[in-house]
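These are my notebook entries on a single structure. I set down what I looked up, entry by entry.

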Amino acid sequence: MIDFRSDTVTRPSLAMRAVIAQAEVGDDVYGDDPTVNALEEKMASLLGMESAMLVASGTQSNLIALLTHCGRGDEYIVGQQYHTYLYESGGAASLGSIVPQPIPVESDGSLELQKIAAVVKPNDIHYAKSTLLSLENTHHGKVLSNEYLHRAVELAHSYKMAAHLDGARIFNAAVAQEVPVRAITEVFDTVSVCCSKGLGAPIGSVLCGSQEFIQKARRWRKMVGGGMRQAGLIAAGIDYALDHHVARLADDHAHALLLQESLQQIPELEVETAHTNMLYVEFASHEVGLQAGHYLRERGIRISAGKRVRLVTHLDISREDIVQCVAAFKSFFHNLH
Ligand SMILES: *Cc1c(COP(=O)(O)O)cnc(C)c1O
């Protein structure tokens, strides 16, 4: 199956599994796992942060960041379509009594600075305390400019708010911009990175911040059940991914672009622009989208169901797979007439 649903579907390669099998491990709750400790140091240094902590998932990473930044009754300002608001089951509010203040996301994936400023609450007992700005990069595959990110962090700090970056796919942003990842991340107070997406590790995210922040975050991680034991098995896969799967993200971006340019030749399909490893296409109707999904599935290609569909390129999709996918799309529409 050529699976375009997400970059989370990537499976650990044999080479990665070999490294995992040989990893030196210990009990990480005691701080005894050398592979975890080394990975945390490596990620912190890559991102230009003091400290880092391995966690089970991106959702757990963002939740712990929010719990550590915000107390009960504090609020975080976030994009209406950002993961930390929309796709984390309401965890911050439900588990942390943290008040979300969502605002609309602009077409480039950013939050307009005036709109952020407009919802920062005055220091008055009638309001929740505005404590955190939570951004996302990449957002729906779009890369936020560094100039924007610097200004947004500056704005947050001017209101004495901290700035968190949900950088689930931050390495895609760095590779697309041809900058070291730290050039994007180091201005933030905290950054969360997913390693089980385009990087191709089977499990794990890393939360980065100051030493003091990460020390506090370790208590929250324990509380939400995220204290793992011989987690070096997870860290080893991530370490391998950092060494072997970062530069190659450029291939995923090139494949998404090839997919975009090829599918644009199909008049029945509305094709958006691929900025990194994601391409959004829209069918005439939900019904046609479902039919296309079935048709492709019978030809070994999986896409999400719907009218507007996200196609994601990744480690397990080759250039030949893109060509095969385009041919299947074309024959679907040919047969539709
Ligand atoms: C996938 C994702 C997460 C959460 O990651 P999980 O590991 O699936 O919990 C957070 N933010 C963004 C932008 C994501 O795409």
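**Entry 1: Arg169 and its surroundings**

I located Arg169 in the loop between E6 and H8. The model I am reading is a predicted one. I then asked whether Arg169 is buried or exposed. Its relative accessibility is 10%, so I record Arg169 as buried. Next I listed what Arg169 touches, leaving out residues up to four places away in sequence. The contacts are Ser6, Asp7, Asn137, Thr138, Lys197, Asn277, Met278 and Arg310.

Two of these contacts, Asn137 and Thr138, led me to the backbone there. A cis peptide bond joins Asn137 and Thr138, with omega at about 0°. I placed Thr138 in the loop between E5 and helix H7 (146-158).

**Entry 2: Strand E6**

I turned to the strand that precedes the loop of Arg169. How many of the residues of strand E6 (residues 162-167) are buried? I found 6 of the 6 to be buried, so the strand is largely enclosed by the rest of the structure.

I then sorted the residues by face. In a regular strand, side chains alternate between the two faces of the sheet. On one side of E6 I noted Ala162, His164 and Asp166, and on the other Ala163, Leu165 and Gly167; both faces are covered, and all of these residues are buried.

For pairing, I looked at strand E5 (residues 129-136), which joins E6 in the parallel sense over 5 bridges. Leu135 has Leu165 as its bridge partner in E6. Leu165 is also among the buried residues I listed for E6.

**Entry 3: The sheet of E9, E10 and E12**

I looked up the order of an open sheet of 3 strands and read E9-E10-E12, with antiparallel pairing. Strand E9 (270-271) and strand E12 (308-312) are the edge strands, each pairing on one side only. Between E9 and strand E10 (residues 278-282) I counted 2 bridges, and the two strands run antiparallel. Glu270 has Glu282 as its bridge partner in E10.

I also checked what packs on this sheet. Helix H12 (residues 249-263) does, touching E9, E10 and E12. The direction of H12 makes about 20° with that of E10.

**Entry 4: Helices H3 and H10**

At what angle do the axes of helix H3 (residues 58-69) and helix H10 (residues 211-223) cross? I read roughly 115°, and the axes come within 9 Å. I therefore describe H3 as roughly perpendicular to H10. The crossing of the two helices is right-handed.

For the contact surface I listed Ile64, Ala65, Leu67, Thr68 and His69 on the H3 side. These meet Phe213, Lys216, Ala217, Trp220 and Arg221 on the H10 side.

I followed the chain into the loop between H10 and helix H11 (232-244), where Gly226 lies. Gly226 is buried, with a relative accessible area of 2%. Leaving out residues up to four places away in sequence, Gly226 touches Gln60 and Arg221. I also noted the pair Gly226 and Leu54: they are 172 residues apart in sequence, yet 9.2 Å apart in space, C-alpha to C-alpha.

**Entry 5: Positive phi outside glycine**

I looked for residues other than glycine with a positive phi and recorded two cases here. Ser89 has a phi of about 55°. I found Ser89 in the loop between helix H4 (83-86) and helix H5 (91-96). Its relative accessible area is 75%, so Ser89 is exposed.

The other case is Glu178, with phi near 55°. I placed Glu178 in the loop between helix H8 (170-177) and helix H9 (182-185). With a relative accessibility of 75%, Glu178 counts as exposed.

**Entry 6: Cysteines**

How many disulfides does the structure hold? I found 0. For Cys195, the nearest cysteine sulfur is that of Cys194, 7.2 Å away. A disulfide requires the two sulfur atoms to be within 2.5 Å, so Cys195 is in no disulfide. Cys195 is buried, with a relative accessible area of 0%.

Cys208 is in no disulfide either, and its nearest cysteine sulfur, that of Cys195, is 8.9 Å away. I recorded Cys208 as buried, with a relative accessible area of 0%.

Methods
Residues are numbered from 1 along each chain as its sequence is written. This is a predicted model: local features need pLDDT of at least 70, side-chain atom pairs count only at pLDDT 80 or more; totals for chains, interfaces and linings use all residues. Side-chain values use heavy atoms; hydrogens and water are left out. Buried means under 20% relative accessible area, exposed over 50%, partly exposed in between (1.4 Å probe, protein chains only). Two strands pair if DSSP finds at least two bridges between them. Helices (H or I, at least four residues) and strands (E, at least two) are DSSP runs, numbered from the N terminus. Contact means heavy atoms within 4.5 Å. Axes are lines fitted to C-alpha atoms, for helices over the stretch in contact, and angles run from 0 to 180 degrees between N-to-C directions. Angles under 35 degrees count as roughly parallel, over 145 as roughly antiparallel, 65 to 115 as roughly perpendicular and the rest as oblique. A crossing is left-handed if the near helix is turned anticlockwise from the far one by less than a right angle, and right-handed if clockwise.
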